[in-house]
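Reader: Hi! Could you walk me through how the helices pack in this one? I have it open on my screen.

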Amino acid sequence: MDFSILSAKPQPIALHAYAAMAALFLGALQLSMPKGTAFHRAVGFTWVVLMATVSVSSFFIVPNFKLIGPFSPIHALSVFTLWSLYAALKAAKVGDIARHKRIMILLYFLGLILTGFFTFWPGRVMHSVLFASL
């Protein structure tokens, strides 16, 4: 792995990627820890901030494939992620823990794992970071 490739990229690419990696780690920790504790809420709040950072920063990354102005279909996922974060927090606040849990798990697996998989395709920045020394 060569993170200097990522760090050399213009902002917000590095911010976007580092926030996503931190969210991936914290999300895995969150899923494995007891729920409803003060620690769960603190890690969860940090995870929400990281996911919001990933989503908002995506609007400042100019994609290769543009559909509407400077935006690509992936930006629709960013809007959906921001809405889902809001819905999950609202669900927790009103005590609908089942809905909160469902939204957060889906965001982790679809918003980070699945979309993260596509960042490792040849030609993408994270592919270079992971396979630079091979």
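Reader: Which hand does the crossing have where H2 passes H3?

Author: Happy to help, and keep in mind that this is a predicted model. H2 passes H3 in a left-handed crossing. Their axes are 9 Å apart and the packing angle is about 150 degrees.

Reader: How do H2 and H3 run relative to each other, then?

Author: Angles over 145 degrees count as roughly antiparallel, and therefore H2 and H3 are roughly antiparallel to each other.

Reader: Which residues make that contact?

Author: From H2, they include Leu15, Ala19, Ala23 and Leu26. From H3, Phe39, Val43, Trp47 and Leu50 are among them. By class, the contact of H2 with H3 has 13 nonpolar, nine polar and no charged residues.

Reader: Nice. And at what angle do H3 and H5 pack?

Author: Helix H3 (residues 38-58) and helix H5 (residues 97-118) pack at about 45 degrees, with axes 13 Å apart. That makes H3 oblique to H5. The crossing of H3 past H5 is left-handed.

Reader: Which side chains of H3 and H5 meet there?

Author: On H3, the residues are His40, Trp47, Val48 and Met51, and they meet His100, Met104, Leu107, Tyr108 and Leu112 on H5. This contact divides into seven nonpolar, two polar and no charged residues.

Reader: Switching topic: where is Pro12?

Author: Pro12 sits in the loop between helix H1 (3-7) and helix H2 (13-32).

Reader: And what kind of peptide bond joins Gln11 and Pro12?

Author: A cis one, with omega at about 10 degrees.

Conventions. Residues are numbered from 1 along each chain as its sequence is written. This is a predicted model: local features need pLDDT of at least 70, side-chain atom pairs count only at pLDDT 80 or more; totals for chains, interfaces and linings use all residues. Side-chain values use heavy atoms; hydrogens and water are left out. Axes are lines fitted to C-alpha atoms, for helices over the stretch in contact, and angles run from 0 to 180 degrees between N-to-C directions. Helices (H or I, at least four residues) and strands (E, at least two) are DSSP runs, numbered from the N terminus. Angles under 35 degrees count as roughly parallel, over 145 as roughly antiparallel, 65 to 115 as roughly perpendicular and the rest as oblique. A crossing is left-handed if the near helix is turned anticlockwise from the far one by less than a right angle, and right-handed if clockwise. Contact means heavy atoms within 4.5 Å. Ala, Val, Leu, Ile, Met, Phe, Trp, Tyr, Cys and Pro count as nonpolar, Asp, Glu, Lys and Arg as charged, and the others, Gly among them, as polar.
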